Amino acid sequence: MALTKIDAYEVIYSSNTFVPRIGLKSGGNFIGQLIFRPNGSALPVDSMSGGQVNLFYHLEDYHNAIDLLRNEAPMFLLFSGSGSGFENGIKTTEEPVGEGES
């Protein structure tokens, strides 16, 4: 199971036929992207291409993903493999209960 720290991200919200994406970086290099397809559409299998991970989500998940990247630290990219039975995504680390509460 590969777990890579995410240092930075770039939002790519293109016009025309390109779907919204969030590019993930570690150490100044792109390590993958979150790709958001129309709600209800069949999602491709998560994959690795050119050493970068492609994770597919529905557009309704965009706000959850960007919220995590903006507000949680540290964040990690989790990629276990392609196909059924593999869990991939972005994740935080363990946090103490009540963190951030006054």
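How many salt bridges does the count come to? In this predicted model, the count comes to one salt bridge. The partners are Glu10 and Lys25, and their closest N and O atoms are 3.6 Å apart. That distance meets the criterion, because a side-chain nitrogen of Lys must lie within 4 Å of a carboxyl oxygen of Glu. The pair links distant parts of the chain. Glu10 belongs to strand β2 and Lys25 to strand β3, with their positions 15 residues apart in sequence. Glu10 is partly exposed, at a relative accessible area of 35%.

Both strands of this pair belong to an open sheet. Five strands make up the sheet, in the order β2-β3-β4-β6-β5. The pairing is mixed. Strands β2 (8-12) and β5 (47-49) form the edges, and each of them pairs on one side only. Neighbouring strands are turned against each other by 25° on average, direction ignored. Strands of a sheet pair through backbone hydrogen bonds, in a parallel or an antiparallel sense.

At the β5 edge, the partner is β6 (residues 52-58). These two strands run antiparallel and share three bridges. Within this pairing, Ser49 stands opposite Gln52 of β6.

Helix α1 spans residues 62-71. The helix lies across four strands: β2, β3 (21-26), β4 (29-37) and β6. Its direction relative to β2 is about 150°. Arg70 is part of helix α1. The residue counts as exposed, because its relative accessibility of 58% is over the 50% cut-off. Arg70 also illustrates a long-range approach in the fold. Its C-alpha is 9.7 Å from that of Ala8, although the two residues are 62 apart in sequence.

The loop between β6 and α1 holds Leu59. With 32% relative accessibility, Leu59 is classed as partly exposed. This value places Leu59 between the 20% limit for buried residues and the 50% limit for exposed ones, so the intermediate class applies. Leu59 also takes part in a nonpolar patch on the surface. The other members are Val11 and Tyr13. Together, the three residues have about 280 Å² of accessible area. Patch membership requires over 30% relative accessible area, and Leu59 has 32%.

Notes. Residues are numbered from 1 along each chain as its sequence is written. This is a predicted model: local features need pLDDT of at least 70, side-chain atom pairs count only at pLDDT 80 or more; totals for chains, interfaces and linings use all residues. Side-chain values use heavy atoms; hydrogens and water are left out. Two strands pair if DSSP finds at least two bridges between them. Axes are lines fitted to C-alpha atoms, for helices over the stretch in contact, and angles run from 0 to 180 degrees between N-to-C directions. Contact means heavy atoms within 4.5 Å. Buried means under 20% relative accessible area, exposed over 50%, partly exposed in between (1.4 Å probe, protein chains only). Patches are made of residues with over 30% relative accessible area and no salt bridge: like charges are joined within 9 Å, nonpolar side chains (Val, Leu, Ile, Met, Phe, Trp, Tyr) within 5 Å. Accessible areas come from the Shrake-Rupley method with a 1.4 Å probe; for residues, only the protein chains shown count as cover.
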